[in-house]
Amino acid sequence: MADIDALTQRLRAELGPGQVVTDRQELRTYECDGLAHYQVIPALVALPHTAAQVAAVVKACADTGVPFVARGSGTGLSGGALPHAEGVLIVTAQMRRIVEIAPADERAVVEPGVINLQITKAATPDGYYYAPDPSSQQICSIGGNVAENSGGAHCLKYGFTTNHVTGLRIVTPDGEQVRLGGRALDPPGYDLIGAFVGSEGTLGVATEVTVKLTRLPESVRTLLAAFPGIDQAGAATSAIIAAGVVPAAIEMMDALAIEAAEAAVACGYPPGAAAVLIVELDGPAAEVEAQFVQVTDLCRHAGAFEIRIAADDAERALFWKGRKSAFAAVGRISPDYIVQDGVIPRTALPEVLRRISDLAGEHGVRVANVFHAGDGNLHPLVLFDARVSGEAERAEKVSGAIIDLCIEYGGSITGEHGVGMDKAKYLPRMFGEDDLDTMQLVRCAFDPDHLANPGKVFPTPRLCGERPGGQVAARFPGVEVY
Amino acid sequence: MVDATWGTGEPPREVLRRDVLGGVDEGAFDDRHPPRADQIADCVHCGFCLPSCPTYVLWGAEADSPRGRIYLMNEGVNGEPLSESMVAHFDACLGCMACVPACPSGVKYDRLIEDTRAQVERRFPRGPRDRALRTAIFALFPYPRRLRLLRGPLRAYQNTGLRRLVARSGLLERLGPTLATLESLAPRLRKVAPPPRRVAARGTRRAVVGMLTGCVQGAFFPEVNSATVRVLAAEGCDVVIPPGQGCCGALSVHNGRRDEAARFARRLIDTFENTGMDYFVVNAAGCGSSLKDYGELLADDPAYATRAKHFAAKVRDLSEVLVDLGPVAPRHPLPRTVAYHDACHLAHAQGIRAQPRALLRGIPGLELREIADPELCCGSAGVWNILNPVPAAELGDRKAANVLATGAELLVTANPGCLMQVAAALRRRGGSIALAHTAQVLDASIRDLGRETQRQEQVTPR
Amino acid sequence: MAVLDELTRPAGDDDHVGGVPARLVASPKSTEEAAALIAATPGLAVVVRGGGTKLHWGPPPRELDLIIDTRRLTGMVEHAAGDLITVLRAGTPLRELNLGDQQLAIDSPARATVGGTVATGASGPRRLHYGTARDLLIGITVVRADGKVARSGGKVVKNVAGYDLGKLYTGSYGTLGLITECVFRLHPRPAAARYVRSTAPAQAVSAILAAQVAPTAIEIDSATGELAVLLEGTPAGVRDRSALVEKLLAGEVSEEAPSWWGRDPWTPDQIGMKLSVPLSKVGSLLDSGSAVRGSAGTGVLYAAARDITEVEGLRAHCVRSGGHAVVLTAPAPVREILDMWGPTPGLALMRRVKNQFDPEHRFAPGRFVGGI
């Protein structure tokens with residue numbers, strides 16, 4: 001059992017005052033991320049300011065065999081930043097310098113604590129922006145985005161974090177600093193950047209990120225279409241895709257989600273809509289104008305009873321406000337909820353939504369639906385009241401059934417929130433033993449001692465150099481073994 | 001807090017360790033208006049409030065963010081003791097309420113922090129220096145006559161007990177920068193004539209309004225009050241200004257001194273109740289937001305509960321009432337570039353953003369410019385800048401930089417605290433911009449004062 | 001041994017890699033057959049061969065026993081047009097895909113297979129808009145060096161479940177095992193396309209990027225001094241945008257690509273290089289005097305070098321600019337004394353990855369960075 005006190009002393013020597021937190025009450029403010037269901041108090045919290053300090057903290061952990069978990073803004077939805085009870089929580093929120101905005105190279109170099117939206121704000125004066133836009137972009141950190149391979153509403157057209165990272169500085173779990181890539185593309189060797197992005201903090205800690213900047217589009221046009229039924233909204237989506245249009249975003253919300261958003265931000269969506277579609281096109285004005293007319297017609301043809309076209313940036317922001325605050329807004333119509341993140345082939349959307357509705361009815365819980373209609377990424381919000389006996393269990397059952405549904409239809413258990421600890425138990429439903437074993441070869445290469453965010457992503461850690469399974473539970477207290 | 005399930009499986013063992021760490025203490029709060037568990041439960045831990053919080057922007061530490069403070073309150077409600085660390089984080093909150101409109105779940109953080117601060121003030125034993133400083137602050141600020149003494153030759157208050165109190169507590173040192181700014185902003189103290197008890201409306205009378213003269217406003221910026229009276233009268237209001245009005249209690253309630261605030265509130269209600277006013281007009285943002293809350297402040301007092309509610313319902317910010325009534329007094333051109341600064345207690349607490357802008361845009365020739373990061377507090381936050389001078393200066397510097405970046409000639413704001421804070425920061429940077437209250441700009445336009453008048457508040461480096 | 005005899009045949013004269021002859025050749029027709037083969041041949045050094053278009057890229061293998069040829073591992077397993085995805089077997093030639101009015105937007109030479117394109121991370125002019133194989137690959141099936149079959153990703157574009165092995169295998173030059181199946185995201189075929197050809201200098205590229213015309217490709221060729229832009233989209237939109245670009249570049253709209261478009265700039269007797277520099281440094285690369293051709297919009301270009309001095313000069317220039325330069329192909333005598341891959345940040349970590357995936361180093365030994 002590691003000597004936390006000795007480690008604390010060592011860290012206090014390496015870092016400045018206020019950068020090592022041991023006060024129990026303060027530690028508890030870090031005991032959960034955006035998934036507040038699970039709380040674990042870290043043994044201590046470190047707030048490094050530089051890559052060297054991150055390396056020093058990780059080295060100290062490596063030397064003493066103490067696990068560590070990295071956290072950015074703590075807004076993740078899969079418990080990826082859930083601390084380890086006998087470990088160090090490395091919080092990068094104070095590493096928030098934008099090192100450089102380089103429009104001539106179409107790159108930005110930032111520290112991991114920099115907030116996603118801040119990159120766009122800094123680049124806009126030069127005519128650029130940072131494309132991946134998770135709904136939490138006003139607070140989520142780029143380091144967290146790297147860990148989760150975050151997406152957002154516009155990833156249908158623009159891709160995810162992994163398509164926008166060209167360089168990384170990382171600290172590997174042995175405390176070494178490694179530089180991967182840079183501003184230029186296609187660095188020689190294995191695509192370790194590609195392996196690292198989306199590895200959910202299990203391969204090390206990013207200390208600097210070089211991202212692509214995207215040229216601001218000449219024209220952006222957004223419409224909000226209200227439909228009398230989800231089927232019609234789904235049909236509209238299919239028609240748009242079939243017409244060869246690649247929208248920047250297509251988002252859908254059902255009646256319950258609309259109700260919540262209305263209560264929260266008064267977005268004023270058309271009343272009586274069973275589903276609304278937000279469709280956004282961007283690009284050269286000449287292209288967008290023609291396609292926009294086409295899209296509007298397709299929506300009307302599919303049965304939209306009201307179509308609103310944003311006249312200016314303010315109106316466009318209002319359309320999006322409802323969608324972007326949907327998760328947190330649901331708190332207004334229900335005391336508790338579980339948010340899912342499954343993906344299904346887009347063509348299966350209407351059928352899957354029907355099945356979800358059946359499931360909800362069968363188990364007596366309500367499900368609000370918000371999703372990226374363009375790429376089939378669903379966010380069913382399973383609503384419940386924990387104070388009512390049995391409701392929490394039923395909600396959990398419905399959640400699990402929805403995940404199974406996604407797998408049944410050939411989709412994924414997580415489109416953007418990550419596996420974390422929340423969905424680790426479902427990973428074996430999607431991948432076989434050999435698949436998970438192979439993925440963990442990567443983990444063994446980076447982190448043979450299992451110090452980086454242990455217990456996340458993979459339900460059964462692979463003992464590196466040995467066959468999987470074995471006496472795992474004893475070595476990894478608190479890890480669920482399925 | 002979403003306090004719920006970990007599924008049908010075994011919960012992670014760590015979750016069950018909570019009882020090992022703490023045991024069931026009496027907790028941080030007693031039964032008198034503690035932060036409410038149901039209001040705390042509204043928070044879903046999404047973190048959307050973090051980027052709007054000045055202390056999170058400055059320090060990047062969870063415990064100094066609204067989300068973190070709510071979490072601490074929850075810890076306190078669930079058994080953690082009221083510790084020095086907890087209190088430090090509560091104290092560090094500016095009370096700017098930028099987090100309230102930012103929250104998608106509608107968490108009433110303003111309510112929560114006020115209840116928490118009241119608990120802290122009543123029950124937490126502060127250190128002697130801290131106590132002395134706070135005692136001095138509250139012996140001074142809610143009393144316009146005593147504030148005025150600060151402006152005059154030191155001789156005037158040298159032999160008063162106040163001076164000894166102020167000096168010993170270290171308050172004078174802390175007030176130093178403020179006083180220096182004050183001196184640079186306004187001419188030396190002259191005997192200021194008290195305002196008349198009643199000023200008649202010009203033309204058709206459309207309303208009778210009571211007016212708050214305020215403490216800092218009345219003592220340091222009496223010309224703002226004069227301008228306010230003139231504008232109200234010009235827009236058809238009879239203005240009733242009872243002499244000897246007291247403090248509205250805002251500073252006290254914002255700093256957890258509930259009983260003191262209630263005393264001030266009762267006095268103010270007594271003073272204005274029988275004036276026959278339709279509205280109670282306030283030209284200081286911090287005061288307005290507290291006044292609108294009088295119903296809640298005196299809810300426990302059977303003698304005043306209903307009267308307080310009725311009183312609160314009449315409270316209007318100056319810009320609010322002017323827009324509600326609709327302008328009648330003709331506006332003359334003021335060809336100036338103006339940056340309008342949203343005072344937190346006007347924008348976040350009262351939701352008043354559009355009205356001041358509408359009034360300014362109604363002036364011909366006036367070009368309105370927006371300041372970057374408008375939701376971020378300037379760092380004044382009542383007396384927060386006196387209690388936390390270093391971070392307040394950092395916030396002030398940020399605001400000053402953003403203000404200067406607009407290139408505007410004139411900075412307009414509706415709160416004396418903001419005005420002093422930003423002026424001080426501008427002086428530090430060697431910047432130069434004219435400053436005025438919204439009332440003064442309107443007054444100048446109505447009275448057709450053109451270019452001359454706006455030179456009065458020039459801030460220049462010494 | 002029966003498996004070995006069943007699944008392999010003796011190598012012929014053409015069955016060599018970079019001059020190193022193989023003993024055996026196998027053409028498995030399924031993932032299962034390939035897995036059985038690889039499991040049955042421990043200790044045999046393997047190189048995978050697809051269309052053979054890039055077989056000679058990289059140093060020759062240190063040893064070679066078995067060539068696994070993917071010619072029978074071919075065919076479209078699935079094309080879900082409504083979902084814009086397709087599942088392809090690795091041996092499928094890219095140019096033979098029939099995807100209706102959709103496309104797998106990867107530029108490739110004739111005969112290049114899916115597996116080979118992914119394994120080498122090859123790309124062409126249209127990468128500016130569509131990305132590369134790395135960005136279009138959403139799922140992969142591989143056979144490991146120990147014969148185990150593994151999948152990652154899936155058939156949906158949005159997917160962060162588990163690690164992204166597809167990224168790791170892309171550009172891995174066959175050193176981590178055999179790729180047998182790939183899932184790609186597709187794009188609609190554009191309704192219209194036009195090229196704008198000009199002799200504008202490299203400096204004009206920033207003007208095109210600033211113009212917000214969303215070009216599909218911006219290519220430059222030092223030999224001819226040409227700068228050409230590809231614009232795709234709706235007929236009206238393409239007309240407008242190409243007119244604008246035409247004016248910007250003082251060029252000419254054409255329905256035909258220039259003859260040099262997407263072609264390697266080197267002849268078989270020359271040294272072929274892949275250069276990558278930050279965008280702002282493309283201009284100076286073109287001023288270097290070498291024969292350089294490629295994507296001025298992404299900073300990834302190709303060069304024909306005459307000798308080692310030129311290679312080292314170009315490499316130094318690229319590295320100084322914050323990029324890198326790889327020698328893809330060179331005549332045999334030159335190859336022996338040349339560092340083909342150049343400096344590789346993160347090499348130690350890469351070795352560890354290789355050791356995990358292929359502890360015996362049987363797959364393409366010596367062909368990759370750092371002698372992996």
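User: Hi! How many residues do chain A and chain C each put into their contact?
Analyst: Chain A gives 71 residues and chain C gives 70. Two residues are in contact if their C-beta atoms, placed from the backbone, lie within 7 Å. This is a predicted model, in which local features need pLDDT of at least 70, side-chain atom pairs count only at pLDDT 80 or more, and totals for chains, interfaces and linings use all residues. Residues are numbered from 1 along each chain as its sequence is written, while chains are lettered from A and ligands numbered from 1 in the order in which they are written.

User: Which elements of chain A take part?
Analyst: Those giving two or more residues to the side that touches chain C are β9 (177–181), α7 (192–196), α8, α10, α15 (427–430) and α16 (433–446) of chain A. The names follow DSSP runs numbered from the N terminus: helices are H or I with at least four residues, strands are E with at least two.

User: And which one gives the largest share?
Analyst: That is α16(A), with nine residues.

User: What classes of residue are on that side of chain A?
Analyst: There are 29 nonpolar, 27 polar and 15 charged residues on the side of chain A that touches chain C. Here Ala, Val, Leu, Ile, Met, Phe, Trp, Tyr, Cys and Pro count as nonpolar, Asp, Glu, Lys and Arg as charged, and the others, Gly among them, as polar.

User: Which pair of chains shares the most contacts?
Analyst: Chains A and C do, of the two pairs of chains in contact. No contact joins chain B and chain C, and their closest C-alpha atoms lie 20 Å apart.

User: Back to α8 and α10 of chain A. At what angle do they pack?
Analyst: Helix α8(A), residues 230–242, and helix α10(A), residues 285–301, pack at about 145°, with axes 9 Å apart. Axes are lines fitted to C-alpha atoms, for helices over the stretch in contact, and angles run from 0 to 180 degrees between N-to-C directions.

User: Which residues make that contact?
Analyst: A236(A), A239(A) and I240(A) come from α8(A), and V295(A), L298(A) and C299(A) come from α10(A). By class, that is six nonpolar, no polar and no charged residues.

User: What about chain A as a whole: how many helices and strands?
Analyst: Chain A has 17 helices and 18 strands. Its radius of gyration is 23 Å, close to the 23 Å that the globule rule gives for 482 residues, so chain A is as compact as a globular protein of that length. That radius is taken over C-alpha atoms, and the rule is 2.2 Å times the number of residues to the power 0.38. Along the principal axes, the C-alpha atoms of chain A fill a box of roughly 70 × 60 × 40 Å.

User: How much of chain A is buried?
Analyst: Buried residues make up 65% of its 482 residues. Buried means that 20 or more other C-beta atoms lie within 10 Å of a residue's own, exposed means 12 or fewer, and partly exposed is in between, with C-beta atoms placed from the backbone. For chain B, 52% of the 462 residues count as buried.

User: How many helices and strands does chain B have?
Analyst: Chain B has 26 helices and nine strands.

User: Last one: what are the domains of chain C?
Analyst: They are domain 1 (1–189), domain 2 (192–254) and domain 3 (271–337), with bounds from an automatic or database domain assignment. Seven residues of domain 1 of chain C are in contact with seven of domain 3 of chain C.
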